[in-house]
Amino acid sequence: MEPKGSETFPQDSPMPRWSLGSSLRYGSFVNSLSSLTPQAETKPAISPRRAYAAVAVLCYINLINYMERFTISGILPNIQNFFQISDSTGALLQTVFICSFLLLAPLFGYLGDRYNRKYIMICGLSVWLLTAVASSFVTKSLFWLLLLLRALIGVGEASFSTLAPTIIGDLFTGTQRSAMICVFFIFLPIGSGFGYIAGAGIATATGDWRWALRITPILVAVGLVLMVFLCPNPPRGASDTHGQEFKMQSTYLEDVKYLLKNKTFVWSSLGVTATAFVVGALSFWAPTFLSRAQVFQGLQPPCTKEPCNITDSYILGAVTVVTGILGGCLGTVLSRCFRDKVPNVDPVICAVGMLGSAPCLFIAIFMASTNIPVTYVFIFLADLLISLNWAIMADILLYVVIPTKRASAEALQISVCHLLGDAGSPYLIGVISDAIRKSKPDTHGWNFYSQQYSFIVCIFIGILGGLFYLMASLYIIKDRKAALAEDTCVSVRPFLNNSPLFNSLTTR
């Protein structure tokens, strides 16, 4: 019987005296072990054509995932006017969604390391589909029901966001994996931008903001069908072990202990958390903030009835799409160009992105009171710098964590970054804005200034995030080698018992 917490592998047989728990060091010995693997005779567990089709499906669903999330931001002035709610109450729409998301992510991570990930995502997407449709029929007196349904939508998105990157990690390896992860995460800002545009466009075209919430469920249904027929559930670690599967028997507590000892994972997760805080707050409030800036400058009248003027949602949507594509591609290209020369370049790129975005955000926030075009220029630059991080952040996790812990690592990182990041940042900005406004005259000027001053928090958090990534750069070389050494040992284990070289080494 296997001892509790162990990991079993295909073709298990009695092991020699050496084991994974020994004092094996990364170097020539591991390299010699990797040469024992008959790679020329092995075939991938999933064919390349099927793997690329699966990535295409996952990218499509990721696009819809973030479209749905930011549709609310694109129509927030309409929702606030319809329900007659304050900034802090309006921010609860994002907070309750993120809270359910982060609470369920560890559960899906635990299940994803042990059960069929495809079936888990299909169940989650079904819940997402039904609750998203229901949320579009909430009446004026039932704002609490809209909050509840937004929370339930987090069930579907938690299952998908936790497990989809691990499936891509098991379909590809090396530079191919980095490229596919880049493509997957580029759809994060693209979906966010389309969310602004689709929400604003549909609300304007129909004269009813609720129709904006009815489009994504239709697109989710298409993604659900595509996932059933085109997305496989590859063996865990298949790309690292030539098609063989790691079988997980460790407990979740043991997984967490392993991850907390991984300093790169800890520091990079804190960096991701700071990124989520800044992006969550700005993405949710930026359209409303810019609309108030234009009212303050006398460029447009205040919104007193639906539909509100939400032109800024279109512009921000376009900016988010363009900067997401450019930043994601640029970050990946920089990583691939410098990784051989500078092994810790990935967290350094993330640090440069966060630290560079801080002064751009400062200028954008305080230029909004006088010059809207200049504000958009610096929002573009800030978004571009932050977008350098999207693909790299995910790639770091995949190569410093062994395959059997990746879903748990994704889940833990998602929980932490949302709990301390974008779960509370929109609400915090709303609370600060309401607090400032209550102590000042009830004018359009202070309606704008209160939100402007509340955004200063994001600048400090952005700087802190850059420092977290710099700390990760101090440990990433060691942690990557450790993960690679363990992967290499596991990948050759089925062949070791028949290897004269290995038997001679272990009997000395």
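Let's start with helix 10 and helix 18 (residues 456-473), whose axes come within 8 Å and cross at roughly 160 degrees. An axis here is a line fitted to C-alpha atoms, for helices over the stretch in contact, and angles run from 0 to 180 degrees between N-to-C directions. The helices themselves are DSSP runs (H or I, at least four residues), numbered from the N terminus. Please keep in mind that this is a predicted model, where local features need pLDDT of at least 70, side-chain atom pairs count only at pLDDT 80 or more, and totals for chains, interfaces and linings use all residues. Residues are numbered from 1 along each chain as its sequence is written, and side-chain values use heavy atoms, with hydrogens and water left out.

So how do helix 10 and helix 18 lie relative to each other? They are roughly antiparallel. The cut-offs are these: under 35 degrees counts as roughly parallel, over 145 as roughly antiparallel, 65 to 115 as roughly perpendicular, and the rest as oblique. Helix 10 passes helix 18 in a left-handed crossing; that word applies if the near helix is turned anticlockwise from the far one by less than a right angle, and right-handed applies if clockwise.

Which residues touch? Contact means heavy atoms within 4.5 Å. Among those in helix 10 are Trp-267, Phe-277 and Leu-282, and helix 18 answers with residues including Ile-461, Phe-468 and Tyr-469. This contact divides into 15 nonpolar, six polar and no charged residues. For the classes, Ala, Val, Leu, Ile, Met, Phe, Trp, Tyr, Cys and Pro count as nonpolar, Asp, Glu, Lys and Arg as charged, and the others, Gly among them, as polar.

Now for another pair. Helix 7 and helix 14 pack at an angle of about 135 degrees, with their axes 8 Å apart, and are therefore oblique to each other. Helix 7 passes helix 14 in a right-handed crossing. Phe-185 and Leu-188 are among the helix 7 residues in this contact, and Trp-390 is one of those from helix 14. By class, the contact has nine nonpolar, one polar and two charged residues.

Hold on to those three names as we turn to the cavities. On a 1 Å grid over the protein atoms alone, a cavity is a set of points where a 1.4 Å probe fits but cannot get out, and lining residues have an atom within 4 Å of a point. Grid points are joined across faces, edges and corners, and a volume is the space filled by probe spheres set on the points.

How many cavities of 30 Å³ or more does a search of the whole structure find? Eight. The largest holds about 460 Å³ of space. Of its 25 lining residues, Tyr-66, Phe-185, Leu-188, Trp-390 and Cys-417 lie nearest its centre, and Phe-185, Leu-188 and Trp-390 also belong to the contact of helix 7 with helix 14. Helix 15 gives the most to this lining, with six residues. The lining has 15 nonpolar, seven polar and three charged residues.

The second largest cavity has a volume of about 360 Å³. Leu-282, Ser-283, Ala-286, Ile-379 and Asp-383 are the closest to its centre, out of 23 lining residues. Which helix supplies the largest share of that lining? Helix 10, with six residues. Leu-282 takes us back to the beginning, as it also meets helix 18. By class, this lining has 16 nonpolar, six polar and one charged residues.

Terms used:
1 Å grid on protein atoms, 1.4 Å probe; cavity = no way out; pocket = protein on both sides within 12 Å on 5 of 7 lines; lining within 4 Å. Helix = DSSP H or I, 4+ residues; strand = E, 2+ residues; numbered from the N terminus.
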